[in-house]
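Please open the model in your viewer and keep the sequence panel beside it. The tour below moves from one selection to the next and says what is found at each stop.

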Amino acid sequence: MTMLEAALAWAARGFRVFPLRAGTKDQPLFEGWQHFATTDPVQIATWWSDPFGIVSPEHNIGCVTTGMVVVDADPKKDGLASAFGRLALGLDTLIVRTPSGGLHFYFNGPDSANSVGLLAPGVDVRSHNGYVLAPGSRRADGAYTLEVDE
């Protein structure tokens, strides 16, 4: 699956997407990504096939988390133990595996504050004006993949 196909597939599920520099997770391609992210297939196709070379077909896929809550469990900081133990998160929601072996748990819910490690050790929260990488995105250490499709 190409990055464009992956972006279109994620957008078709209702997730607003935008491009990040290829191979990165923290370099949105443009300022204002929170406002420009979209589910519009025409805009998405333009971003991932720009003839001017501003946007590359290999750019990663950002997913805006405004209007939802994504819990990010990092295995290097005991986040998986925190997620399944202390927070008692289960496998009954949409889950994306990160290249490091972490998990992004997607939940419907009101906007919350973005945080790093405040909920539990190794657990970050992405919500209002935050983002995570969508499945299909790649870094040097691997790809983001859909783990549980609930």
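Buried means under 20% relative accessible area, exposed means over 50%, and partly exposed covers what lies in between. The model on display is a predicted one.

Begin with F36, which has a relative accessible area of 49% and is therefore partly exposed. Add F30 to the selection: at 22% this residue is partly exposed too. The ring centres of F30 and F36 lie 6.0 Å apart with their planes at 80 degrees, so the pair is edge-to-face. Next select W47 and W48, whose ring centres are 6.4 Å apart and whose planes stand at 65 degrees, so that this pair is edge-to-face as well. W47 counts as buried, with 10% relative accessibility, and W48 counts as buried at 2%. Show the four residues together, since ring pairs link F30, F36, W47 and W48 into a cluster. Over the whole structure, a search finds 10 aromatic pairs.

Move now to helix α1, residues 3-12, and colour M3, A6, A7, W10 and A11, which are buried. If you look down the axis of α1, these buried residues fall within an arc of 130 degrees, so they line one face of the helix. Following α1 comes G14, which has a positive phi near 100 degrees.

Two further stops concern the backbone. Most residues other than glycine have a negative phi. Select D78 in the loop between β3 (68-73) and α4 (79-86), where phi is near 65 degrees, a positive value in a residue that is not glycine. D78 has 53% relative accessibility and therefore counts as exposed, the cut-off being over 50%. Then go to N129, in the loop between β7 (123-126) and β8 (131-133), which has a positive phi of about 60 degrees although it is not a glycine. With a relative accessible area of 34%, N129 is partly exposed.

The last group of selections shows charged side chains. Side chains of opposite charge can pair when their charged atoms come close. The count for this model comes to 4 salt bridges, and three of them can be visited in turn, beginning with E58 and R138, where the closest N and O atoms are 2.6 Å apart. This pair links distant parts of the chain, with E58 in the loop between α3 (41-47) and β2 (60-64) and R138 in strand β9 (residues 138-139), 80 residues apart. E58 is partly exposed at 41%, and R138 is partly exposed at 35%.

For the next salt bridge, select R97 and E147, whose closest N and O atoms are 3.2 Å apart. R97 lies in strand β4 (residues 94-97) and E147 in strand β11 (residues 145-148), so the pair ties together parts that are 50 residues apart in sequence. Both ends can be checked on an accessibility surface: R97 counts as partly exposed at 29%, and E147 counts as partly exposed at 40%.

Finish at D141 and R139, whose side chains meet in a salt bridge with an N to O distance of 2.7 Å. Which of the terms buried, partly exposed and exposed fits R139? R139 counts as buried because its relative accessibility is 18%, under the 20% cut-off, whereas D141 counts as partly exposed at 43%.

Notes
Residues numbered from 1 in each chain as written. Predicted model: local features only at pLDDT ≥ 70, side-chain atom pairs only at ≥ 80, totals over all residues. Heavy atoms only, no water. Helix = DSSP H or I, 4+ residues; strand = E, 2+ residues; numbered from the N terminus. Buried < 20%, exposed > 50% of the residue type's maximum accessible area, 1.4 Å probe, protein only. Arc of directions from axis to C-beta. Phe/Tyr/Trp six-rings, centres within 6.5 Å; stacked < 30°, edge-to-face > 60°.
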